[in-house]
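Trainee: I would like to go through the pockets and one sheet of this model. Please show it first.

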Amino acid sequence: MSKLHLTLFLFITTILTHHCVKDASAACHVDDESALLSFKSGITADPSGILSSWKKGTDCCSWPGINCRINNRVTELSLVGQPDQPKSFLSGTISPSLAKLRFLSGLYLQDLRNLTGPFPGLLFQLPNIDFVYIENNRLSGRVPENIGDLARLGALSLYGNRFTGTIPSSISKLTQLTQLKLGGNLFTGSFPTVIRNLKNLTLLYLDRNQFSGPLPEIFGSFPELRFLNLSHNKFSGKIPNSISTLYPKLTFLELNHNLFTGKIPDFLGKFKALDTLFLSHNKLSGTVPKTFVNLTKIFNLDLSHNNLTDPFPELKVKGIESLDLSYNNFHLKTIPKWVTTSPIIYSLKLAKCGIKMKLDDWKPSQTHFYDFIDLSENEISGSPIGLLNRTELLVGFWASGNKLKFDLEKLKIVKTLKYLDLSKNLIFGKVPKAVTGVGKLNLSHNHLCGAIPANKFPASVFLGNDCLCGAPLSPCKA
């Protein structure tokens, strides 16, 4: 064999040997493969093929949703559905065989929608489990009393399932937790005071459950908390003073859809890092604190559906993204300047806010980003044409119960528009064909006339006009 051929032979042999060794070392452990295939066998429906490439004899470390970071052992199982894709789901149960994944540190089963069964007891057999996110499925039953045995956990999310009962007291042992998400379930009882031991929490979500009663004064126990969501429960009484201790770092506070009473606390004005504040749908009364002028970083503010009264403070925000002050006892007279000048606002809701102005006179600095505008039940006159004809992404416009007067045929209907309510105004002209493409429409009680274009709406959408005819109303006369 010549030196050249010998050199080529050794080179090729080295490459092939390296390739073979790499393939051999890359193959996942037999126990891990067995555990994952058993999990797959417990799935009864997978219409989008999430697990279609999980096949025996192939390297499970290369399967979608699998990561192997330690000696080719499975360290992470992450299966995430796509909520906007109807077929992106898994039906079935979580196989106890996953307990064989001895090196598993992260379990993420999110938005798979149809996974059923109880709390997966296999978690107690995983010695290295650090992160558990089993979200938006259909698991049910009670969370086990020994949940505190999962002492390594840094994050626990059971969000969006059907768990019932109260939160076990042993959860207080999960002192390494930085995130606890138990929202979107059917938990009952009072606020679980035992979580005061979880001093490393940066995120606490207990929203969308059936908790009730007053909130305890324990929020000083969470010096690192940045996100707090207790919305959509039946919490009552006053907003606790201990929440004031969260002001250095809290950026997100949702207490909406509860039964809170009393005034909005002055201390909320100290929350200079606050990005989002939702207090809507409570029984709060009195005035909005003057200290709100200090909320210079607030982007999302919702105080709607309370009993709040004038005056509303002039905020000094650089730009607000969403604002809802609807259905209180405000008499704003005009749309506030700090709203008009916002370059990033996409949602403005000021229904029944005592606004008395001509809409033509409102000149917002930008209209391109507007998705939602609700000006219902005010005393607004003029025409929205100048405003709406400059929007490109509008999804909803509500202006019922005003004094708007314009020719409907001159209104530009953007393709994104899904909701349009112009009922109980002084609008005239014919119904343009473009509005029939809107998802939800109300043109009742105006001065419209003529034949209605072919549409899918009920008669209530067009009732109370001067001389409209055609389906779903009476036929037009020949």
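Mentor: Before we start, two strands pair if DSSP finds at least two bridges between them. The model is predicted.

Trainee: Which residue in E33 stands opposite cysteine 449?

Mentor: Strand E32 covers residues 447-451 and is joined to E33 by three bridges. The two strands run parallel. Opposite cysteine 449, in E33, stands cysteine 467.

Trainee: Which strands stand at the edges of the sheet, each with a single partner strand?

Mentor: The sheet is open and holds three strands in the order E30-E32-E33, with parallel pairing. One side of each edge strand is left without a neighbour in the sheet, because each has a single partner strand. Those at the edges are E30 (428-429) and E33 (467-469).

Trainee: Which strands each supply at least two residues of the lining of the largest pocket?

Mentor: The largest pocket holds about 300 Å³ of space. Its lining has 22 residues, and Phe278, Asp302, Ser322, Asp324 and Lys349 lie nearest the centre. The strands that each supply at least two lining residues are E21 (300-302), E23 (322-324) and E24 (347-349).

Trainee: How many residues of that lining of the largest pocket are charged?

Mentor: By class, four are nonpolar and twelve are polar. The charged residues number six.

Trainee: Which residues lie nearest the centre of the second largest pocket?

Mentor: This second largest pocket has about 160 Å³ of space. Its lining divides into three nonpolar, five polar and five charged residues. Of the 13 lining residues, those nearest the centre are Phe330, His331, Cys353, Gly354 and Ile355.

Terms used:
Residues are numbered from 1 along each chain as its sequence is written. This is a predicted model: local features need pLDDT of at least 70, side-chain atom pairs count only at pLDDT 80 or more; totals for chains, interfaces and linings use all residues. Side-chain values use heavy atoms; hydrogens and water are left out. Helices (H or I, at least four residues) and strands (E, at least two) are DSSP runs, numbered from the N terminus. On a 1 Å grid over the protein atoms alone, a cavity is a set of points where a 1.4 Å probe fits but cannot get out, and a pocket is an open set with protein on both sides within 12 Å along at least five of seven lines; lining residues have an atom within 4 Å of a point. Grid points are joined across faces, edges and corners, and a volume is the space filled by probe spheres set on the points. Ala, Val, Leu, Ile, Met, Phe, Trp, Tyr, Cys and Pro count as nonpolar, Asp, Glu, Lys and Arg as charged, and the others, Gly among them, as polar.
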